[in-house]
Amino acid sequence: PDELLADFLSGCVDFPPADADVAPLVLYEFGRLMDRFASTELRPDEAENLAADCRSMQELAWHRLHTGHWKDVPVFWRRLYARLAFIVVWLGQQQRQAADSQVGDERPARTPGRLRPRPAARHPLAQLAGLADRLHARLPAVPACPPCRCCPLAEATRDWPAASAGPARGRTVVRLTRPSLEEFGRLKEPVIVCGVMDHWPAMQRWDWRYLLDRWGHRTVPIEIGSRYTDDDWGQQLMPLSEFFSRFVAPRCAAAADSGPKACERLPCGYLAQHGLLDQLPDLASDTDVPDYCCLGDGEPDVNCWFGPPHTVSPCHQDPKPNLLCQVRGFKAVRLYPAEQSDRLYPVGGGHLLAGTSRIDVERPDLAEFPLFDGADELLALLGPGEALFIPAGWWHHVRSLSCSLSVSFWF
Ligand SMILES: O=C(O)CCC(=O)C(=O)O
């Protein structure tokens with residue numbers, strides 16, 4: 001854990017030249033704070049001074065984080081802010097523990113208690129996650145949310161929903177129930193795998209009520225805007241409960257009462273491609289890494305995709321194979337082979353959006369993108385308990401048809 005902690009704390013050293021004026025100085029000061037933090041024992045007054053100095057530097061980082069457009073803020077400031085926040089919380093936690101153990105001690109302490117800033121056994125971030133869960137339980141309850149009305153509607157139609165997801169010319173992907181590892185390893189194109197999530201506690205537990213009760217006050221990154229390719233798209237940090245009340249509940253109600261068009265007119269927020277299971281270890285224990293992921297190299301990258309009806313992930317490709325596991329709600333996915341990239345008109349190399357198609361595949365402009373007409377299209381209507389296997393490099397476009405909770409495993 002000491003090595004992990006050192007790695008984590010020092011991981012903010014690469015800063016882009018934009019900040020070359022101030023960053024070296026800040027980094028030097030941060031190094032001095034780290035030296036104080038790393039000293040084997042800290043008296044309570046030393047710990048308090050260190051926490052105050054960290055807070056001052058955090059304030060500087062906070063200002064930098066809120067200067068200009070978020071896309072232009074060097075990642076250095078985010079990393080620095082996170083590390084300082086870690087030290088402050090860690091010191092506070094240690095101080096409380098020391099105070100608690102002194103209260104329990106029958107003999108009066110002769111010398112001031114000494115604080116050990118170093119973590120004991122588990123990864124420091126996992127320890128903090130546990131602490132956050134305990135603190136959350138003491139906060140006021142988040143108002144209960146109404147039962148979802150958009151999911152039953154989406155379930156009612158098992159056909160491709162052309163009205164919302166656009167006309168389709170492709171064939172439907174095959175469904176397989178728990179194929180053997182050998183069979184799975186031989187797959188050359190997308191399939192829907194059934195039966196791999198049946199034992200996940202998430203299948204029984206996960207809905208918005210459960211998420212908000214347990215983690216409603218936790219801060220999550222939300223993508224704001226209809227598509228990440230749009231100019232007005234951005235990201236905001238907010239509590240999960242705010243995400244639900246601003247984006248999920250209104251869009252669910254509009255989808256249920258007035259249909260997809262009305263839903264799409266409302267602002268869209270999407271908790272997309274976020275390592276929420278690392279942030280909330282208890283949530284992770286409701287899931288399981290599918291056995292098929294052992295066919296990849298090392299640990300899979302696990303991301304959550306939680307959102308309202310009619311989120312759209314524009315057509316793009318990823319370098320790793322994927323199992324997109326659907327816990328709640330429905331998604332309409334269009335897929336195109338990796339080797340047909342020239343028919344998908346990718347955004348030019350070197351661009352932030354490289355690996356993303358320029359085509360709106362739901363309503364393609366064939367005059368502008370004529371080759372797309374010849375692309376092989378596969379269609380997947382993904383429902384609860386189903387996992388979509390997307391081989392590496394396959395292009396995919398994803399629209400949620402109801403509010404939706406999915407977990408992806410890139411392996
Ligand atoms: O579910 C989504 O919106 C997109 C998922 C995706 O693109 C992925 O898992 O790679």
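How many disulfides does the structure hold? The count is 0 in this model, which is a predicted one. C263 gives a feel for how the cysteines sit: C263 is in no disulfide, and the nearest cysteine sulfur, belonging to C268, lies 7.5 Å away. A disulfide would need the two sulfur atoms within 2.5 Å. C263 is also tucked away from solvent, being buried with a relative accessible area of 0%. C304 turns up buried as well, again at 0% relative accessibility.

Next comes strand β14, which covers residues 404-410. Is this strand mostly covered or mostly exposed? It is mostly covered, with 7 of its 7 residues buried. The side chains split between two directions: S404, S406, S408 and W410 point one way, while L405, V407 and F409 point the other. Whichever way they point, these residues are buried.

The partners of β14 can be named too. Strand β7, made up of residues 301-307, pairs with β14 in the antiparallel sense, and 7 bridges hold the match. Within that pairing, F306 stands opposite L405 of β14. Strand β9, residues 322-328, also pairs with β14 in the antiparallel sense, this time over 6 bridges. Here C325 is the residue that faces V407 in β14.

Then there is an open sheet. In what order do its 5 strands run? Reading across, the order is β1-β11-β10-β13-β8, and the pairing is mixed. Strands β1 (171-172) and β8 (312-316) stand at the edges with a single partner strand each, so one side of each is left without a neighbour in the sheet.

Strand β10 belongs to this open sheet, and several details are available for it. β10 is mostly covered, as 6 of its 6 residues are buried. Both of its faces are covered: K331, V333 and L335 are buried on one side, and A332, R334 and Y336 are buried on the other. So what does β10 pair with, going by the bridges to β13 and β11? Strand β10 (residues 331-336) runs antiparallel to strand β13 (residues 395-400), and 6 bridges join them. In that pairing, Y336 has W395 as its bridge partner, and R334 stands opposite H397. A further 5 bridges join β10 to β11, again with the strands antiparallel. Across that pairing, L335 stands opposite L378 in β11.

The loop between β10 and β11 (378-382) is where P364 is found. P364 is partly exposed, with a relative accessible area of 29%. Beyond its neighbours within four places in sequence, P364 is in contact with I359 and F372. P364 can also be placed relative to a residue far along the chain: G166 is 198 residues away in sequence, yet the two C-alpha atoms are separated by 9.6 Å.

Now for the empty space inside. How many cavities of 30 Å³ or more are there? The count comes to 1. The largest cavity holds about 100 Å³ of space. Its lining is made by 13 residues, and those nearest the centre are W305, H316, L324, H396 and V398. The elements that give two or more residues to this lining are β8, β9, β13 and β14. Sorted by class, the cavity lining has 6 nonpolar, 5 polar and 2 charged residues.

The second largest pocket takes up about 380 Å³. There are 24 residues in its lining, and P146, P147, C148, R149 and C403 are the closest to its centre. Helices α6 (150-156), α10 (208-215) and α11 (240-258), along with strands β9 and β14, each supply at least two lining residues. Which element gives the largest share of that lining? It is α11, which contributes 5 residues. By class, the pocket lining has 17 nonpolar, 2 polar and 5 charged residues.

Strands β9 and β14 come up more than once in this account. They pair with one another in the antiparallel sense, they each give two or more residues to the lining of the largest cavity, and they each supply at least two residues to the lining of the second largest pocket.

Conventions:
Residues numbered from 1 in each chain as written. Predicted model: local features only at pLDDT ≥ 70, side-chain atom pairs only at ≥ 80, totals over all residues. Heavy atoms only, no water. Buried < 20%, exposed > 50% of the residue type's maximum accessible area, 1.4 Å probe, protein only. Helix = DSSP H or I, 4+ residues; strand = E, 2+ residues; numbered from the N terminus. Pairing = 2+ DSSP bridges. 1 Å grid on protein atoms, 1.4 Å probe; cavity = no way out; pocket = protein on both sides within 12 Å on 5 of 7 lines; lining within 4 Å. Points joined across faces, edges and corners; volume = space filled by probe spheres on them. Nonpolar A, V, L, I, M, F, W, Y, C, P; charged D, E, K, R; others polar. Contact = heavy atoms within 4.5 Å.
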